[in-house]
Number of protein chains: 2
Amino acid sequence: MRADIITIGDEILIGQVVDTNATYLGKILNNIGVEVRQIHSISDNKEAILNAFTTAQDQVDLVVMTGGLGPTKDDITKHTLCAYFDDTLTFFPDVMAHIEELFRKYVKAPVNALNRSQAMLPSSCTQLFNAHGTAMGMWMQKGETVFVSLPGVPFEMKHLVQEKMIPLLKATFSLPVRVHKTMMTYGLGESIIAEKISDWESALPQHIKLAYLPNLGRVRLRLSAKGTDAVQLNSEIKTLFDALYPIIGAHITGFESEQPIEMQIGNTLVKHKWTLATAESCTGGKLASIFTKNAGASTFFKGSIVSYSNDVKRTVLGVSQDKINRFSVVSEEVALAMAKGVIRQTGADVAIATTGNFGPKKGDSDAEIGTVVIAIITPNINYVETFCFGKHRERNLHKTTNKALELLHNKLVSEL
Amino acid sequence: MRADIITIGDEILIGQVVDTNATYLGKILNNIGVEVRQIHSISDNKEAILNAFTTAQDQVDLVVMTGGLGPTKDDITKHTLCAYFDDTLTFFPDVMAHIEELFRKYVKAPVNALNRSQAMLPSSCTQLFNAHGTAMGMWMQKGETVFVSLPGVPFEMKHLVQEKMIPLLKATFSLPVRVHKTMMTYGLGESIIAEKISDWESALPQHIKLAYLPNLGRVRLRLSAKGTDAVQLNSEIKTLFDALYPIIGAHITGFESEQPIEMQIGNTLVKHKWTLATAESCTGGKLASIFTKNAGASTFFKGSIVSYSNDVKRTVLGVSQDKINRFSVVSEEVALAMAKGVIRQTGADVAIATTGNFGPKKGDSDAEIGTVVIAIITPNINYVETFCFGKHRERNLHKTTNKALELLHNKLVSEL
């Protein structure tokens, strides 16, 4: 079963918003065994939308589109659906009642003509009821192809996908099985890995595909299998990945899991009965925000002291001015002192500290731009390492947080 | 002048990576006056790529594609370009020398056959030299349409766009002028605004287009103008936006600028000669990371105390247990005490504090899920406000950081 995703909106084409809806839909469709042929981002424009429909018609089984369902004049998806399906808009009283209810509860303003227009849907559509908003989803069919139209607001779109679209797809189509698994490697370039595993790669069966995903010091290897039996596909993928350990085992750090690395760290901390705090200079709170964006972080995360200025390193973290003068603020001595300081202040058992110079200009220290020191303290070890990451501020932030999480993860696992 | 963007890679279609390359290219092309007709994300698959080329041929003046230029077997863009242009791959000695140089410096491993293959390019292409990587960009022309192929690694792609593609585009095409400006409004829904400004909207001239961009409590209004004279278009847009103040002025907070709101805050702080610190419970370091991701934040940002646990609120921020017991940890009293605590600890002049319950479960407090308190202290004011944002953790984080930045911005500007 194949699908096209169509995302509608000039804001995507002019780069004003990142198209995370397409990413979400791609992931969800793949998870239920639908192969996405293409993602098509187009203008709020009748001709462009009709053209995308025509391109998809009979080439794919399913077209999922988002956007253009708002109440205003630039929202034309419904009118275009009517044109394509030779249909007209009809008044849906249950939708109107729902809109009035939402206005009573949240808007505290009378329903106006524009909102009333949101209760008009193509007469032949199956309505996908949007409990969280005023723009309904729609399910329509032409020939062998199903067209699903969803609102562009991510939160409402996701709700409709989970509650309405997926159950209807499962009821309508017999879905094949697709399995993806991604191995994480650190420390070897893409071409070096490819050379080492070349025989292995050439021997992959037809229904299993390999992709290399290189990014800032790590390469992910993804195997994608197509078939009818998930258990068997998973077992085939496991056997194939197992065969990589004798070849590149030293560089394999595990698999990309549903659980992000920071929550794997959290679980390991809970096993140790330890808590965590961060002392952040160059990462400026990013590590703390990575941990705390997850529900459940409060079971292991105590807090962070972001010591962006040297004052705060001295007064809050207790790093001595003498140490800063002797070793420089970007030094292993200062990083360790910061980690100790945040443990003292917060009572955490484990700390991670970062200090560095991300650029573009040199800061308070003489350290070369791109120099970063990461310290990790646990009840058993004091660990510190210096890195040279390069001259690009944004990349340095990502490389440092990736590296800090990787180091902490590996230290904690090795101590279990 | 019109363009298609093609992003190549299964990782986009299965939702494993967000397609930020397309966003970047959309923004850049718009800035130089190229209208993006569509973004087409497709599989690493010869047929799909050829199909995208054919769809674009003669419909647009420019096709910019990213991805599929790596050294491994799943990278087939170059071979597909050869097929489409009826060309063959040729060895480029200067590219080989550059690859060898990069390996000597950074990889410390011998160049292998796969890397050598990256020195093979279509014989008729204009090479776009990639100083930062081994995958060269390529510029080719068929009929009236120019095809530009760029590597998918964002950092290398951006470098080639800025240094090579844009100068060549400006030299090759006579580019029209496009101007976009986006007004920010808070506190009115999309349909209410649309109703209020309906006469204004209907009177917009043909060459200026309006879009509504609603998101979590704010609606952005974007005007896009097409023409030949940027000064005149800017002046027309200014006149149009000015006419909105008498209608919805109380809800207009300004314009989306090249400078993000956190750096506007930074500039205002510098004018005041004030420094900033944050005390974060529910936002968990997110506010600090928003400020510190920008170069230059050290001129006004002292640091942050992320007090995710109540311990840290007590011991580091000095919030009394008695206050927490009496008012609850999610209370205006505790938020103000946190702000005062971080000022005392860091010596900052201005502080912002957050405490709340983002869900999905109730935490240490009895506060309803979605309850958030934001406190702002400056040398002149103590301000605190309680919000009810709803039940969705991820949205609550965004709503809280948006609201905190908006409040701080407005308070600081009103004190100037």
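Two strands are taken to pair if DSSP finds at least two bridges between them. The exercises below apply this criterion to a predicted model.

**Exercise 1.** Determine in which sense strand S14 of chain A and strand S14 of chain B pair, and over how many bridges.

*Solution.* The strands concerned span residues 301-307 in chain A and residues 301-307 in chain B. Five bridges link them, and the sense is antiparallel. One of the residues involved is A:Val306, whose bridge partner in S14(B) is B:Ser304.

**Exercise 2.** Identify the strands that stand at the edges of the 12-strand open sheet.

*Solution.* The order of the strands is S6(A)-S7(A)-S8(A)-S3(A)-S1(A)-S2(A)-S2(B)-S1(B)-S3(B)-S8(B)-S7(B)-S6(B), with mixed pairing. Strand S6 (126-128) of chain A and strand S6 (126-128) of chain B each have a single partner strand, so one side of each lacks a neighbour in the sheet. From one strand to the next, the twist averages 20°. At the chain A edge, S6(A) runs antiparallel to strand S7 (residues 137-142) of chain A, joined by three bridges. Within this pair, A:Thr126 is opposite A:Trp139.

**Exercise 3.** State what operation lays chain B on chain A, and characterise the contact between the chains.

*Solution.* A turn of 180° with a shift of 0.1 Å along the axis superposes chain B on chain A with an RMSD of 0.1 Å. The two copies are therefore related as by a two-fold rotation axis. Both copies use the same surface, since 100% of the contact residues of chain B recur in chain A. Each chain is then counted: 76 residues come from chain B and 76 residues from chain A. On the side of chain B that touches chain A, 31 residues are nonpolar, 30 polar and 15 charged.

Terms used:
Residues are numbered from 1 along each chain as its sequence is written. Chains are lettered from A and ligands numbered from 1 in the order in which they are written. This is a predicted model: local features need pLDDT of at least 70, side-chain atom pairs count only at pLDDT 80 or more; totals for chains, interfaces and linings use all residues. Copies are superposed by least squares on the C-alpha atoms of residues with pLDDT of at least 70 in both. Two residues are in contact if their C-beta atoms, placed from the backbone, lie within 7 Å. Ala, Val, Leu, Ile, Met, Phe, Trp, Tyr, Cys and Pro count as nonpolar, Asp, Glu, Lys and Arg as charged, and the others, Gly among them, as polar. Helices (H or I, at least four residues) and strands (E, at least two) are DSSP runs, numbered from the N terminus. Axes are lines fitted to C-alpha atoms, for helices over the stretch in contact, and angles run from 0 to 180 degrees between N-to-C directions.
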